[in-house]
Amino acid sequence: MKNKKIVIIILVLAMVLTPLTAIFKPLPAQTVGNEAPTDLYISVQEKLNLARNELGADSEQTERDVTYSATYDNLYASVQGETNAAAAYRAFAERAVADGYPVIARLFGATADAEAKHADDEWAVLQTMGATVRPTAAVPVVGDTRANLLAAFDGETYEYTVMYPGFLATAQAEGNSDAARIFRLAMRAEEVHAGNYLDVFVNFADVSYVDATYGTVYRCVVCGEVVTVLPARCPICGNPSDNFVIYGADEKITLTDLNWNNGDGNDNGSN
């Protein structure tokens with residue numbers, strides 16, 4: 001009888017302990033697609049290594065050099081997006097020249113310079129957080145000029161309605177005022193860009209309207225707004241009118257020499 005009691009006690013203990021061992025058993029590594037298994041949480045250094053591998057970079061960057069946060073990730077995403085947009089718009093400008101739309105080419109060129117400025121500003125903030133590997137532009141997909149206008153409108157609309165509002169909210173929540181300011185200015189400028197592209201797209205067949213409205217455009221060197229009428233001050237950032245770059249109707253654009261600035265010759269699109 002005593003032996004039977006011992007057996008019963010052992011069986012009861014086994015039933016109780018089995019689920020407990022399952023609870024405290026380490027979680028298996030997760031696998032995404034065909035990628036190698038990874039832990040749920042990876043270190044900052046591993047994130048940086050992954051980023052360097054994706055970019056084909058060989059620079060060294062240690063964990064203590066980087067102020068990692070969601071805003072850090074968002075800045076990287078925005079630099080990549082703005083760099084891609086600048087490259088795409090310059091390619092769209094070349095196509096507009098080839099299609100016989102020099103005025104639309106100037107609009108693409110002015111906006112490309114604005115996107116390059118956004119990328120530069122965002123990269124400057126990233127560098128203060130320890131970033132050293134800057135994204136490079138993806139190869140643009142180019143259609144005819146009308147299709148390119150629609151693609152540009154779609155991209156700008158996504159940026160000012162989805163991407164930048166989310167990035168701005170995160171930067172504010174994390175207390176990164178420099179990133180928040182850049183995101184806010186870029187968001188408002190992208191809305192203006194989207195309006196320009198939509199207007200030209202809708203009125204594409206009315207060449208006289210497009211040429212009269214967009215024959216000369218002005219770019220704010222601070223926030224990147226591109227407007228058809230020079231304001232006394234930029235309504236987005238307050239920049240005075242004498243700090244706008246003029247893209248005028250007398251500018252000669254060719255496929256081999258896309259010189260977007262016809263002001264004093266000192267601006268090369270980096271502002």
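Let's start with a yardstick: a residue counts as partly exposed when its relative accessible area falls between the buried cut-off, under 20%, and the exposed one, over 50%. R134 has a relative accessible area of 31%, so it is partly exposed. Keep in mind that what you're looking at is a predicted model.

R134 is a handy place to begin, since its side chain forms a salt bridge with D120, with the closest N and O atoms 2.8 Å apart. This pair ties together distant parts of the chain: D120 belongs to helix α4, while R134 is in the loop between α4 and α5, 14 residues apart. D120 has a relative accessible area of 27%, so it is partly exposed too.

Now look at the neighbour in sequence, D121. This residue makes a salt bridge with K117, and here the closest N and O atoms are 2.7 Å apart. Both D121 and K117 sit in helix α4 (residues 102-128), four residues apart, or about one turn of the helix. And are they buried or exposed? Both D121 and K117 are buried.

Helix α3 has a salt bridge of its own, between the side chains of D99 and R95, at 2.9 Å from N to O. D99 and R95 are four residues apart in that helix, so about one helical turn separates them. D99 comes in at 29% relative accessibility and therefore counts as partly exposed. R95, with a relative accessible area of 31%, is partly exposed as well. Across the whole structure, a search turns up four salt bridges, including the ones between D120 and R134, D121 and K117, and D99 and R95.

On to the aromatic rings. Stay in helix α3 (residues 70-99), where Y89 and F92 are three residues apart and so separated by about one helical turn. Their rings form a tilted pair, 6.1 Å centre to centre, with 45 degrees between the planes. Both Y89 and F92 are buried. They also belong to a bigger group: Y89, F92, F108 and Y197 form one aromatic cluster.

Helix α5 (residues 145-173) holds another pair, Y164 and F167, again three residues apart, about one turn of the helix. What sort of pair do the rings of Y164 and F167 make? Their centres are 6.4 Å apart and their planes stand at 90 degrees, so the pair is edge-to-face. Y164 and F167 are both buried.

One last stop mixes charge and ring: R146 lies over the face of F201, at 4.3 Å from the ring centre.

Key
Residues are numbered from 1 along each chain as its sequence is written. This is a predicted model: local features need pLDDT of at least 70, side-chain atom pairs count only at pLDDT 80 or more; totals for chains, interfaces and linings use all residues. Side-chain values use heavy atoms; hydrogens and water are left out. Rings of Phe, Tyr and Trp (its six-membered ring) pair if their centres lie within 6.5 Å; planes under 30 degrees apart count as stacked, over 60 as edge-to-face and the rest as tilted. Helices (H or I, at least four residues) and strands (E, at least two) are DSSP runs, numbered from the N terminus. Buried means under 20% relative accessible area, exposed over 50%, partly exposed in between (1.4 Å probe, protein chains only). A charge sits over a ring if NZ of Lys or CZ of Arg is within 6 Å of the ring centre and within 35 degrees of the ring normal.
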